[in-house]
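Got your viewer open? Load the model below and we'll walk through it stop by stop.

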Amino acid sequence: MFFRHFYDAQLAQASYLVGCPTTGEALVVDPNRDIDPYLRAAESEGFRVTHVTETHIHADFVSGARELAHRADARLYLSGTGGPDWCYAYAAEAGASLLAEGSSFRVGHVRIDVMHTPGHTPEHLTFLVTDTATADQPMGALTGDFVFVGDVGRPDLLERAAHIAGTMELGARQLFRSLQRFRQLPDFLQIWPGHGAGSACGKSLGAVPQSTLGYEKRFNWAFAVNEEDAFLDAVLAGQPDPPRYFGQMKRINRDGPRLLGAPRRPDRLPFERLAALLAAGAVVVDARPAREFALGAVPGTINIPLNRAFTTWSGSLLPYDQELYLLLDHRDPSMVDDVVRRLAGIGLDRIAGYFGTDVLEAWRESRSALQTIPQMDASQVRAGVDAGQLTLLDVRNGSEWDAGHVPGASNIPVADLDARLAEVPQDRPVVVHCQSGSRAAIAASLLRARGVGEVRVFSRGFAEWSAAGYPVERRGP
């Protein structure tokens, strides 16, 4: 049996290629939307992708299963166990085979047995992989978002991200029962999970790419809780706020991601188009580092720096029903392909064109000035707030604000800012801060793009305020 692990660090997401060397057939499990790496890997190893499947309807990225099956002319296998609300709407159109508890299929001499493991989602499946050429028991389990290294999949996303009321407790109880069944399998079973550290699909995922069931039974907290109500309390406690775009991903993956075909680089647009697009309300994303944006930017553009959090903030802030434009470093053409790939991976695939950073100089020459966003330190912020000269806006999430905030600050998380813009006073300069500066910079650019005139950034945020020993308020116990 051939086995290869793929890992997308931006999404903290794992996918897998399983092949039979005898027949040359290969299966891809949980592909993301950038399908070329799977096709290249299969071809380089002498395989053809004949089977494509996924463990569940994903919430954190757009699945590549439909695209890959279409491009490779492969058989698509999807869960048929989610009930009427969480079944794949495009399964019949795509000619997919539906899987349930006890289903199995073969990829050459490799047998894939299906366990229904609901909890993270109602339709979730786990795949047991047996190399029948050498063994009569499974070598490992492709567990998706069911069992991770050191953690289990969170059962609250349908309620908290997709807003399906009443599903959180039910999911937690289903997850507990799935674990009790799963723990009966042999300890030697390898665990090949769908995510690693950094994913929002759990709260304490390990960074090691794989484990064994025996190890997880000893050291994964979830296997140590043997009472259902206690497990429910433990698994729901401390789950991070899900990114805003997770609800969109559920809908897109359930209804069927649109087929993109071969990758195409968007056109580079001339400077003359920029002013007209901004005047018409177009969304233009400047992906430069926050410090560069603060020193000089085209008014009306939104700054989402191209770092590890780029996809999270893009999915949370950018519209899914409009064309998007990018402003990128024109000296690095590969950056365009990278950004387009990342955005398509979370369903933002309507990129209408891009501008190079040389438009900044052209804007300065033709319109005399670029927009700047002043930066402030803790002492300046304290003096301004004490004198009643500043409005302090904390854009961290609610739990961070409850745990400690600057007295007199108001709290609107970054992802809520557009919807709650009317709550931002404009009679004084608005000073935006977060914990250490990165979210504040994004929020400040959004405020300026929405017409808030005087915006500044408290660049080191609440971390600097606390370290200086300044007063802190808390809410709750």
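A cavity here is a set of points on a 1 Å grid over the protein atoms alone where a 1.4 Å probe fits but cannot get out; points are joined across faces, edges and corners, and a volume is the space filled by probe spheres set on them. This is a predicted model, where local features need pLDDT of at least 70 and side-chain atom pairs pLDDT 80 or more, while totals for chains, interfaces and linings use all residues. Numbering starts from 1 along each chain as its sequence is written, and side-chain values use heavy atoms, without hydrogens or water.

**The cavity.** The structure has 1 cavity of 30 Å³ or more, with about 100 Å³ of space in it. Select Asp8, Leu11, Arg341, Arg342 and Gly345: of the 13 lining residues (an atom within 4 Å of a point), these are the closest to its centre.

**The sheet.** Next, show strands (DSSP runs of E, at least two residues; helices are H or I, at least four, and both are numbered from the N terminus). You'll find 6 in an open, mixed sheet, ordered β1-β2-β3-β4-β5-β6; strands pair if DSSP finds at least two bridges between them. β1 (2-8) and β6 (97-99) sit at the edges with a single partner strand each, so one side of each has no neighbour in the sheet.

Zoom in on β1 and β2 (13-19), an antiparallel pair with 7 bridges. Phe2 faces Gly19 in β2.

**The helices.** Now select 36-44: helix α1 packs on the sheet, touching β1, β2, β3 (25-29) and β4 (48-53). Contact means heavy atoms within 4.5 Å. Finish at 65-72, where helix α2 packs on the sheet and touches β3, β4 and β5 (75-79).

Definitions and conventions. 1 Å grid on protein atoms, 1.4 Å probe; cavity = no way out; pocket = protein on both sides within 12 Å on 5 of 7 lines; lining within 4 Å. Axes fitted to C-alpha atoms, helices over the stretch in contact; angles between N-to-C directions.
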